[in-house]
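Below are some notes on this model, set out as numbered points. Please read them alongside the coordinates.

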Amino acid sequence: MSVANRQQRVWLHDVAVICALGSGPAALRAALAANRPASLPLQSPFWPTPLPQGVVTDALPSLARWPLEYQTRCNAIALACLHQIQGAVASAIARFGADRVAVVLGTSTAGIGEAQQAFAALNETGDRLPEGFCLEQQGLGGPADFLGRVIGIRGPCYSISTACTSAPKAIASAERLLRTGLVDAVLAGGADALNRFTLAGFVALECVSPKPCNPMSVNRD
């Protein structure tokens, strides 16, 4: 959550996170301080050979009350983060007005995971796509649109998708919105859900290992 004052100073007002190390900044800090490994199951649900991967194990909020196009794991992850900073977001809207708050979210997958499951089911049945799936779930603008609707803003609301740089570019875009004076606060960051599409891309680049990540080491493979 980024805000700016009249002198156009930009800063992070509040921070949320959910990942394989836990939910919330405090949990992430404690895991890093304790050098606790993330949840890294070797047998991937998305890949036929052993492959370490970080898995979010915390319970995610239900999206059952939202239209089908918004019911994706990526959106559930984004909503879990929003819940952590709900107070700050509500305060910004109350202070500046719904038309002066923006949402800029980076994503590289959006609902691609749901599409993969649906088309896998179609291949098995050869009949029709399963209920519970719609093509709109794949829209890369979906996560930002979803969060914008959840918090009820009327300011700019869009996604940025540039692979691994999506979230940093979203934060940079949020800063530009603030400095130009178009808005007074921006909900900015990124959300992705692991799926076979992502793993296949990194396998094609030959940058995966059967062992946990070991960067900056002569022993890495």
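1. Glutamate 206 counts as exposed, because its relative accessibility is 73% and the cut-off for exposed is over 50%. This residue sits in the segment after helix 7 (196-204). Its phi is positive, about 60°, although glutamate 206 is not a glycine. Note that the model is predicted, and the angle should be read as a property of that model.

2. Alanine 110 also has a positive phi, near 50°, and is likewise a residue other than glycine. Its place is the loop between strand 5 and helix 4. Is alanine 110 buried or exposed? With a relative accessible area of 3%, alanine 110 is buried, since buried means under 20%.

3. Glutamate 114 belongs to helix 4 (residues 112-125). It is buried and yet has no salt bridge. Which side chain of opposite charge is nearest to glutamate 114? That side chain is arginine 73, at 7.1 Å, whereas a salt bridge requires a nitrogen-oxygen pair within 4 Å. Neighbours within four places in sequence aside, the contacts of glutamate 114 are Gln71, Thr72, Arg73, Phe133 and Gln137.

4. The largest nonpolar core comprises 31 residues, and Leu147, Ile151 and Leu187 have the most contacts inside it. Two or more residues each come from helix 2 (73-84), helix 3 (86-96), strand 5 (101-106), helix 5 (142-151) and strand 7 (185-190). Helix 2 gives the most, eight residues. Leucine 147 touches Ala78, Leu79, Leu82, Val103, Leu105 and Leu187, when residues up to four places away in sequence are not counted. A second core, separate from this one, has ten residues, including Val104, Ala170, Ala174 and Leu177. In soluble globular proteins, nonpolar side chains tend to be buried together.

5. Helix 6 (residues 166-179) can be checked for length. For its 14 residues, 1.5 Å a residue gives an expected span of 20 Å, and the end C-alpha atoms are 20 Å apart, so the two agree.

6. Which residues of helix 6 are buried? They are Ser166, Ala170, Ser173, Ala174, Leu177 and Leu178. Viewed down the axis of helix 6, the buried residues fall within an arc of 140°, and therefore line one face of the helix. An α-helix has 3.6 residues a turn, so residues three or four places apart point the same way. Pro168 and Arg176, on the other side of helix 6, are exposed.

7. Glycine 181, just after helix 6, takes a positive phi of about 80°.

Notes:
Residues numbered from 1 in each chain as written. Predicted model: local features only at pLDDT ≥ 70, side-chain atom pairs only at ≥ 80, totals over all residues. Heavy atoms only, no water. Core = buried A, V, L, I, M, F, W, Y, C linked by side-chain atoms within 4.5 Å. Buried < 20%, exposed > 50% of the residue type's maximum accessible area, 1.4 Å probe, protein only. Helix = DSSP H or I, 4+ residues; strand = E, 2+ residues; numbered from the N terminus. Contact = heavy atoms within 4.5 Å. Expected span 1.5 Å × (residues − 1). Arc of directions from axis to C-beta. Lys, Arg positive; Asp, Glu negative; His and termini not counted.
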